[in-house]
Amino acid sequence: MTTKLFRNARINTPVSNSSRTAEKKGSYSISFWECGAVLVKNGLIERIGDETEVLKGLSHKQVDQEITCEGRCLVPGFVDPHTHMCFSSPREAEFSKRLAGTPYLEMLKAGGGILSSVRSVRESTDEVLLGATRKNVMTALLHGTTTVEIKSGYGLDTKSEIRMLKVIEQIGRETPLDIVSTFMGAHAVPMEYKGDSDGYVDLIVNEMIPAVSRECGSAFCDVFCEEGVFSVPQSRRILLAAKEHGMASKIHADEVNDTGGAALAAEIGAVSAEHLLATNDTNLAAMAKAGVIAVLLPATAYSLRKPPANARRMMELGLTVALSTDCNPGSSFTQSMPFVFSLAVMNMMMTVNEALAACTLNAARAIRMDSIVGSLEKRKYADFLILDGETPAILAYQTGVPPIYSIFKRGECMADCFQERRTVR
Ligand code: NIG
Ligand code: FE
């Protein structure tokens with residue numbers, strides 16, 4: 001039993017009961033205390049609010065450790081709801097080719113892109129895959145991410161997909177972060193099924209999904225619904241089969257072309273649709289009506305040299321917007337939520353409060369973790385960041401570095417000040 005008291009903090013947190021009407025106007029409900037305190041007991045938030053209120057009736061004997069935040073801003077730990085952090089090696093040479101003008105999907109068509117990561121995952125030992133994944137996850141933690149979703153999708157056969165999901169689960173046990181795994185056998189059509197994507201869909205539906213549901217704890221199934229990858233009917237078939245096995249749906253929708261991925265998300269009641277760079281208003285409105293969360297990935301648009309998704313329009317249409325890194329070796333090689341935060345504010349015209357809600361509570365909603373993380377409220381995990389500034393605006397203002405003073409996961413200090421960060425591995 002440890003009890004910690006965090007004092008003199010400028011606390012900024014979204015709150016769970018914010019009404020959708022408030023979100024519609026883009027004015028997310030953020031609680032703010034100028035001189036706030038948090039009382040943490042066994043990793044959970046016991047009390048939070050104005051310091052004088054939190055201290056009421058509290059004796060010194062009840063507190064094991066007192067930490068002053070010296071007026072710094074305290075926000076929830078980031079939740080990164082869409083990543084492909086389990087891969088064995090980056091694709092730097094391919095990035096140079098993209099810079100020279102080769103389009104992303106053309107590389108995939110030629111057997112590169114996602115398929116080159118598939119080759120390296122299949123060829124690598126467990127040790128290499130574990131090591132590379134651990135490195136990505138710990139880098140994310142040092143940039144303030146305390147909960148992360150990680151997809152499979154570089155195995156693309158039953159054995160290799162399960163191996164990836166087991167690696168993701170092992171990293172979840174080994175590292176302090178909460179990790180949610182998503183099965184993404186439908187990330188690309190593997191070489192051995194070239195020209196027979198329906199045959200590969202059969203394999204996913206008849207063999208992979210039942211095996212994954214038997215052997216792994218994946219809560220979600222995701223599909224790359226895109227021209228030349230998986231069609232809307234194929235994506236529907238996969239996601240409905242996964243649903244029967246208890247996996248909720250996510251869709252990589254309309255990233256490069258508008259193929260109707262967003263409409264499919266609305267039709268089948270997906271938890272979220274991601275990317276949405278090419279989606280039309282009608283399908284976005286259908287998503288809003290069905291309560292599908294829009295997960296936007298501005299670091300991917302940045303890396304593909306494309307304009308980011310139209311977050312303002314989506315919020316006008318009533319969508320709940322979340323933000324994510326999409327960390328992967330191809331289209332977005334970053335583990336940094338502060339980078340995503342700053343892109344959202346500077347390039348997508350999101351307000352600081354909207355970006356804060358999108359990187360925390362809405363992101364937690366997109367992976368159904370919002371009952372325990374994503375906001376600082378009584379009985380939720382004490383996952384928070386002390387920023388090296390007075391307001392969350394520092395996350396957009398100080399560019400290119402994470403302006404984070406210290407990081408707490410379930411009340412435990414993960415990294416403290418700049419020098420000591422290096423000691424956390
Ligand atoms: O979300 N678009 C599909 N999947 C990833 C990229 C994966 C890769 O290139 O390795 C994405 O952008
Ligand atoms: Fe992705």
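This passage describes the sheet, the helix packing, a hairpin and an iron site in a predicted model.

The strands β6-β7-β8-β9-β10-β11-β12-β13 are arranged, in that order, in an open sheet of 8 strands with parallel pairing. The edges are occupied by β6 and β13, each of which has a single partner strand, so one side of each is left without a neighbour in the sheet. On average, and with direction ignored, neighbouring strands of this sheet are turned by 25 degrees against each other. Within the sheet, strand β11 (residues 272–275) is paired with strand β12 (residues 293–296) in the parallel sense over 3 bridges. Glu 274 has Val 295 in β12 as its bridge partner.

Helix α7 (residues 158–174) lies across two strands, β7 (145–151) and β8 (178–186), and runs at about 170 degrees to β8. Helix α7 also packs with helix α8 (residues 197–215), at an angle of about 30 degrees and with the axes 10 Å apart. Angles under 35 degrees count as roughly parallel, and α7 is therefore roughly parallel to α8. The crossing in which α7 passes α8 is right-handed. On the α7 side, the contact is made by Thr 158, Glu 161, Ile 162, Leu 165 and Lys 166, and on the α8 side by Glu 207, Met 208, Ala 211, Val 212 and Glu 215. The contact of α7 with α8 comprises 5 nonpolar, 1 polar and 4 charged residues.

Helix α8 is also packed with helix α9 (residues 232–244); their axes come within 10 Å and cross at roughly 5 degrees. This angle makes α8 roughly parallel to α9. From α8, the contact involves Ser 197, Asp 198, Val 201, Asp 202, Ile 204, Val 205 and Ile 209, while α9 contributes Gln 234, Arg 237, Ile 238, Ala 241 and Ala 242. By class, 7 nonpolar, 2 polar and 3 charged residues form the contact of α8 with α9.

A further helix pair is formed by α14 (residues 337–347) and α15 (residues 352–359), which pack at an angle of about 140 degrees with their axes 9 Å apart. Helices α14 and α15 are therefore oblique to each other, and their crossing is right-handed. Met 337, Phe 341, Ala 344 and Val 345 of α14 meet Val 352, Ala 355, Leu 356 and Cys 359 of α15. The contact of α14 with α15 consists of 8 nonpolar residues, with no polar and no charged ones.

The iron ion (ligand 2) has four protein donors, namely His 82 (NE2), His 84 (NE2), His 252 (NE2) and Asp 326 (OD), which lie 2.0 to 2.3 Å from the ion. Along the chain, the donors of the iron ion (ligand 2) follow the spacing H-x1-H-x167-H-x73-D. Distant parts of the chain are linked by the pair His 84 and Asp 326, which are 242 residues apart. His 84 is located in the loop between β6 (78–80) and α3 (92–99), whereas Asp 326 is located in the loop between β13 (321–323) and α14. The loops of both residues thus adjoin strands, β6 and β13, that stand at the edges of the sheet.

Strand β15 (residues 404–409) pairs with strand β16 (residues 412–416) in the antiparallel sense, over 4 bridges. Lys 409 is bridged to Glu 412 in β16. The two strands, β15 and β16, form a hairpin with 2 residues between them. In the turn of this hairpin, Arg 410 has a positive phi of about 45 degrees.

Terms used
Residues are numbered from 1 along each chain as its sequence is written. Chains are lettered from A and ligands numbered from 1 in the order in which they are written. This is a predicted model: local features need pLDDT of at least 70, side-chain atom pairs count only at pLDDT 80 or more; totals for chains, interfaces and linings use all residues. Side-chain values use heavy atoms; hydrogens and water are left out. Axes are lines fitted to C-alpha atoms, for helices over the stretch in contact, and angles run from 0 to 180 degrees between N-to-C directions. Angles under 35 degrees count as roughly parallel, over 145 as roughly antiparallel, 65 to 115 as roughly perpendicular and the rest as oblique. A crossing is left-handed if the near helix is turned anticlockwise from the far one by less than a right angle, and right-handed if clockwise. Contact means heavy atoms within 4.5 Å. Ala, Val, Leu, Ile, Met, Phe, Trp, Tyr, Cys and Pro count as nonpolar, Asp, Glu, Lys and Arg as charged, and the others, Gly among them, as polar. Two strands pair if DSSP finds at least two bridges between them. Donors are N, O and S atoms within 2.8 Å of the metal (3.2 Å for Na, K and Ca); water is not among the atoms, so sites may look incomplete.
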